[in-house]
Amino acid sequence: MTVSLARIIVSVSSLDSSLAFYQGVLGLEPYYVEAPLARLRSGSLDVMLHQRGAEASDRGVAVSFAVDDVDAATAAASSLGLDIIDEPADQPWGERQSVVRDPDGHVVCLVRAL
C-alpha cells in the first residue's frame, strides 16, 4: 500500500481571518473559496480551511510551512495581531524557525533551511 499526505484540514472560526494568514502571510494560493470551505495549494499539498467550531490546543498536531523569510513572515503574522510563541531563531537541526498561532490559536511553525 502506498500512502501519501493528501491534505491538511484546519478548523477555523472565520474564513476571512484565516485567509488573511494562510494566503496573506504564507502566500498559499486559494483555488476554491465558498463558505464554509476554502482550499489552498502549497506545492502538491492542499490546505483546506473549514469554517466550523475551532478548538486550539498545544497538544494537537502542529503544521510547519517552509517560507522564504522566517523573520518577515513572523513580522507579518505579528502585524495581524497573532501570538508569537517563539521568535525566529537558528535551530541546531539546521533550520531557522519561529512558532506562531494562527487566528484560531493553532500552532504553526515557520521554517527555512539554513
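**Exercises on the nonpolar core and its aromatic rings**

In this predicted model, the largest nonpolar core has 26 residues, and those with the most contacts inside it are Phe21, Tyr22, Leu26, Leu49 and Phe65.

**Exercise 1.** Find which helices and strands each supply at least two residues of this core, and which one gives the most.

*Solution.* Begin with the helices, where α1 (15-22) and α2 (70-79) each supply at least two residues. Then turn to the strands, where β1 (7-12), β3 (37-42), β4 (45-51), β5 (63-66) and β8 (107-113) do so as well. The element that gives the most is α1, with four residues.

**Exercise 2.** Decide whether phenylalanine 21 and tyrosine 22 are buried or exposed.

*Solution.* Buried means under 20% relative accessible area. Phenylalanine 21 has 0% relative accessibility, and therefore counts as buried. Tyrosine 22 has a relative accessible area of 2%, so this residue is buried too.

**Exercise 3.** Work out how the aromatic pairs of the structure are arranged.

*Solution.* A search of the whole structure finds two aromatic pairs. In one of them, phenylalanine 21 and tyrosine 22 meet edge-to-face, at 4.9 Å centre to centre and with 80° between the planes. In the other, tyrosine 22 and phenylalanine 65 are likewise edge-to-face, at 6.2 Å centre to centre and with 70° between the planes. This second pair links distant parts of the chain, since tyrosine 22 lies in helix α1 and phenylalanine 65 in strand β5, 43 residues apart. Taken together, Phe21, Tyr22 and Phe65 form one aromatic cluster.

Methods:
Residues numbered from 1 in each chain as written. Predicted model: local features only at pLDDT ≥ 70, side-chain atom pairs only at ≥ 80, totals over all residues. Heavy atoms only, no water. Core = buried A, V, L, I, M, F, W, Y, C linked by side-chain atoms within 4.5 Å. Buried < 20%, exposed > 50% of the residue type's maximum accessible area, 1.4 Å probe, protein only. Phe/Tyr/Trp six-rings, centres within 6.5 Å; stacked < 30°, edge-to-face > 60°.
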